[in-house]
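Let's take a walk through this fold, from the overall layout down to a few individual residues. Have the viewer ready.

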Amino acid sequence: MTAAGSTGESRVALPVQRPEGPVGAAAPSGLASSLAYLLSRAERAVNRELSAALTAEEVSVEQWRILQALADGRGHSMGGLAEAALMPHPTLTKAVDRLVERALVYRGHDPVDRRKVAVFLADRGRDLLGRLQEGIDEHRRAVLAVYGAERTARLMRELDDLVRALNA
């Protein structure tokens, strides 16, 4: 069965065996046995709803990540920003160029090393983040409503622990 997603992409509903089951039950197989697959599937579901919250301001999830990373006011190198926004450098460069065109961010000298270029959040970008906050908050409330506050907090801690362990 195929359905069109909100971004126009085609989605295929696949039967997925859940990892949890009765004690002694067979381990999941196929895609359901892949942590990478299940994490990607969860990311797509979360981002689909997050994207809907950002659509009114014509901001993608990736652009929102860039703006959020820059909200600390320190300015970031393109390398640091790529890591923070979870984007490959070429894709990040194009996204930053679009945000510069909209006067949401700007490039300037790195405050630590003036020979380097850094990206900063412009006042218009800060205003945009403020306008987006209500939709972001509503998205978070929706996740908490369907998954529960305690489970969500535990999942976030576990995912953070997983990332730290894999990067150690």
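What follows covers the layout, the core, the helix packing and a few residues worth clicking on.

## Overall layout

First things first: this is a predicted model. The protein has six helices and four strands, and along the sequence they come in the order β-β-α-α-α-α-β-β-α-α. So there is a pair of strands at the start, then a run of four helices, another pair of strands and two closing helices.

Of the 168 residues in the protein, 25% are buried. If you take contacts between residues at least 6 apart in sequence, 39% of them join residues at least 24 apart.

## The nonpolar core

The largest nonpolar core has 25 residues, and the members that touch the most others are Leu 54, Trp 64, Ile 66, Leu 67, Leu 81 and Val 105. Several elements chip in with at least two residues each: helix H1 (35-54), helix H2 (61-70), helix H3 (78-85), helix H4 (89-101), strand S4 (117-121) and helix H5 (123-147). H2 gives the largest share, with six residues. As general background, nonpolar side chains in soluble globular proteins tend to be buried together.

Which residues does Leu 54 contact, once its neighbours within four places in sequence are left aside? The list is Val 59, Ser 60, Val 61, Trp 64, Leu 132 and Ile 136. Leu 132 belongs to helix H5 and is buried, because its relative accessible area is just 3%, under the 20% cut-off. Leu 132 and Leu 54 sit 78 residues apart in sequence, yet their C-alpha atoms are 6.6 Å apart in space. Skipping residues up to four places away, Leu 132 touches Ala 53, Leu 54, Glu 57, Val 59 and Trp 64.

## H1 against H5

The axes of H1 and H5 are 8 Å apart, and the two helices pack at an angle of about 150°. That is over the 145 degrees needed, so H1 and H5 count as roughly antiparallel. Their crossing is right-handed.

Where do they touch? On the H1 side you have Val 46, Glu 49, Leu 50, Ala 53 and Leu 54, and these meet Leu 132, Gly 135, Ile 136 and His 139 in H5. Sorted by class, this contact has six nonpolar, two polar and one charged residues.

## H2 against H1 and H4

H2 packs on H1 in another way: their axes come within 9 Å and cross at roughly 80°, so H1 and H2 are roughly perpendicular. Glu 43, Asn 47, Leu 50, Ser 51 and Leu 54 from H1 meet Val 61, Trp 64 and Arg 65 from H2. The class count here is four nonpolar, two polar and two charged residues.

With H4, the axis of H2 comes within 10 Å and the crossing is roughly 75°, which makes H2 roughly perpendicular to H4. Gln 63, Ile 66 and Leu 67 in H2 meet Leu 92, Ala 95, Val 96, Arg 98 and Leu 99 in H4. This contact divides into six nonpolar, one polar and one charged residues.

## A buried arginine

Is Arg 65 buried or exposed? This residue sits in helix H2, and its relative accessibility is 15%. Since the cut-off is under 20%, Arg 65 counts as buried. Setting aside neighbours within four places in sequence, its contacts are Glu 43, Asn 47, Ala 85 and Leu 86.

## Two positive phi values

Most residues other than glycine have a negative phi, which is a reason to click on the next two. Leu 86, already met as a contact of Arg 65, has a positive phi near 60°. Leu 86 lies in the loop between H3 and H4 and is exposed, with a relative accessible area of 63%.

The other is Ala 103, with a positive phi of about 60°. Ala 103 is in the loop between H4 and strand S3 (105-109). Its relative accessible area is 32%, so Ala 103 is partly exposed.

How values were computed:
Residues numbered from 1 in each chain as written. Predicted model: local features only at pLDDT ≥ 70, side-chain atom pairs only at ≥ 80, totals over all residues. Heavy atoms only, no water. Core = buried A, V, L, I, M, F, W, Y, C linked by side-chain atoms within 4.5 Å. Buried < 20%, exposed > 50% of the residue type's maximum accessible area, 1.4 Å probe, protein only. Contact = heavy atoms within 4.5 Å. Axes fitted to C-alpha atoms, helices over the stretch in contact; angles between N-to-C directions. Parallel < 35°, antiparallel > 145°, perpendicular 65-115°, else oblique. Left-handed = near helix turned anticlockwise from the far one by under 90°. Nonpolar A, V, L, I, M, F, W, Y, C, P; charged D, E, K, R; others polar.
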